[in-house]
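User: I have a structure open and want to learn how to read it. Can you walk me through its features, step by step?

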Amino acid sequence: QVQLVESGGGLVQAGGSARLSCAASGRTFSPNRVGWFRQAPRKEREFVASITWSGSSTAYADSVKGRFTISRDNAKSTVYLQMNSLKAEDTAVYYCAARRMAILPYDYWGQGTQVTVSS
């Protein structure tokens, strides 16, 4: 079984930056793709960004393009989300998720980390 643990959340001023980490532990971690999702109060969970484990492909939600960057360190089994130019609307619980194969849904999820952007 794989466990995903997010860290790096907290209170950030608008216009500031933060970096989230998603560390995998347990069995050998070699997913197809790892993604970041977020859920704001009273809103549905939404996709933020994803990356293939090879690093060859990334994807971003339109709302974060140009501000957020996803990356991974295979040796550390860790995926990062660098968030710049943060806005109040980025406030949410951020979740890391992984899927083993492209045809599968994201089936491993972390517990989430809160990011609060003060305006």
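**Reading strands, rings and angles**

Analyst: Start with one pair of strands. S1 and strand S3 (residues 18-26) pair in the antiparallel sense, over six bridges. Keep in mind that this is a predicted model.

User: What do strands of a sheet pair through?

Analyst: Strands of a sheet pair through backbone hydrogen bonds, and the pairing is either parallel or antiparallel. Here is one spot to find: leucine 4 stands opposite alanine 24 in S3.

User: What order do the strands of the open sheet have?

Analyst: The order is S1-S3-S8-S7, four strands with antiparallel pairing. Strand S1 (2-7) and strand S7 (68-73) stand at the edges. Each has a single partner strand, so one side of each is left without a neighbour in the sheet. On average, neighbouring strands of this sheet are turned by 15° against each other, direction ignored.

User: How many bridges join S7 and strand S8?

Analyst: Six bridges, in the antiparallel sense; S8 covers residues 78-83. For an example, look at serine 71: its bridge partner in S8 is tyrosine 80.

User: Back to the edge strand S1. Which residues are on its covered face, and which on its uncovered one?

Analyst: Val2, Leu4 and Glu6 make up the covered face of S1. Gln3, Val5 and Ser7 make up the uncovered face.

User: Now the rings. What describes a pair of aromatic rings?

Analyst: Two values do: the distance of the centres and the angle of the planes. A search of the whole structure finds four aromatic pairs. One of them joins phenylalanine 37 and tyrosine 106, at 5.1 Å centre to centre with 80° between the planes. Planes over 60 degrees apart count as edge-to-face, so this pair is edge-to-face.

User: Where do phenylalanine 37 and tyrosine 106 lie?

Analyst: Phenylalanine 37 lies in strand S4 (residues 33-39). Tyrosine 106 lies in the loop between strand S9 (92-99) and strand S10 (108-109). The pair therefore ties together parts that are 69 residues apart in sequence. Both phenylalanine 37 and tyrosine 106 are buried.

User: How is the pair of phenylalanine 37 and tryptophan 109 arranged?

Analyst: That pair is tilted, with 5.0 Å centre to centre and 50° between the planes. Tryptophan 109 lies in strand S10 and phenylalanine 37 in strand S4, so the pair ties together parts that are 72 residues apart in sequence.

User: Is tryptophan 109 buried or exposed?

Analyst: Tryptophan 109 counts as partly exposed, at 30% relative accessibility. Phenylalanine 37 has a relative accessible area of 10%. Buried means under 20%, so phenylalanine 37 is buried.

User: Which residues do ring pairs link into a cluster?

Analyst: Phe37, Phe47, Tyr106 and Trp109. Arginines also sit over two of these rings. Arginine 45 lies over the face of tryptophan 109, 4.0 Å from the ring centre. The charged end of arginine 99 sits over the ring of tyrosine 106, 5.4 Å from its centre.

User: Last topic: phi. Which sign do most residues other than glycine have?

Analyst: Most residues other than glycine have a negative phi. Now look at arginine 42: its phi is positive, near 65°. Arginine 42 is in the loop between S4 and strand S5 (46-52). With a relative accessible area of 82%, arginine 42 is exposed.

User: What is phi of serine 85 near?

Analyst: Near 50°, a positive value in a residue other than glycine. Serine 85 is in the loop between S8 and S9. Serine 85 is partly exposed, with a relative accessible area of 42%.

Note on methods. Residues numbered from 1 in each chain as written. Predicted model: local features only at pLDDT ≥ 70, side-chain atom pairs only at ≥ 80, totals over all residues. Heavy atoms only, no water. Pairing = 2+ DSSP bridges. Helix = DSSP H or I, 4+ residues; strand = E, 2+ residues; numbered from the N terminus. Axes fitted to C-alpha atoms, helices over the stretch in contact; angles between N-to-C directions. Phe/Tyr/Trp six-rings, centres within 6.5 Å; stacked < 30°, edge-to-face > 60°. Buried < 20%, exposed > 50% of the residue type's maximum accessible area, 1.4 Å probe, protein only. Lys NZ or Arg CZ within 6 Å of the ring centre and 35° of its normal.
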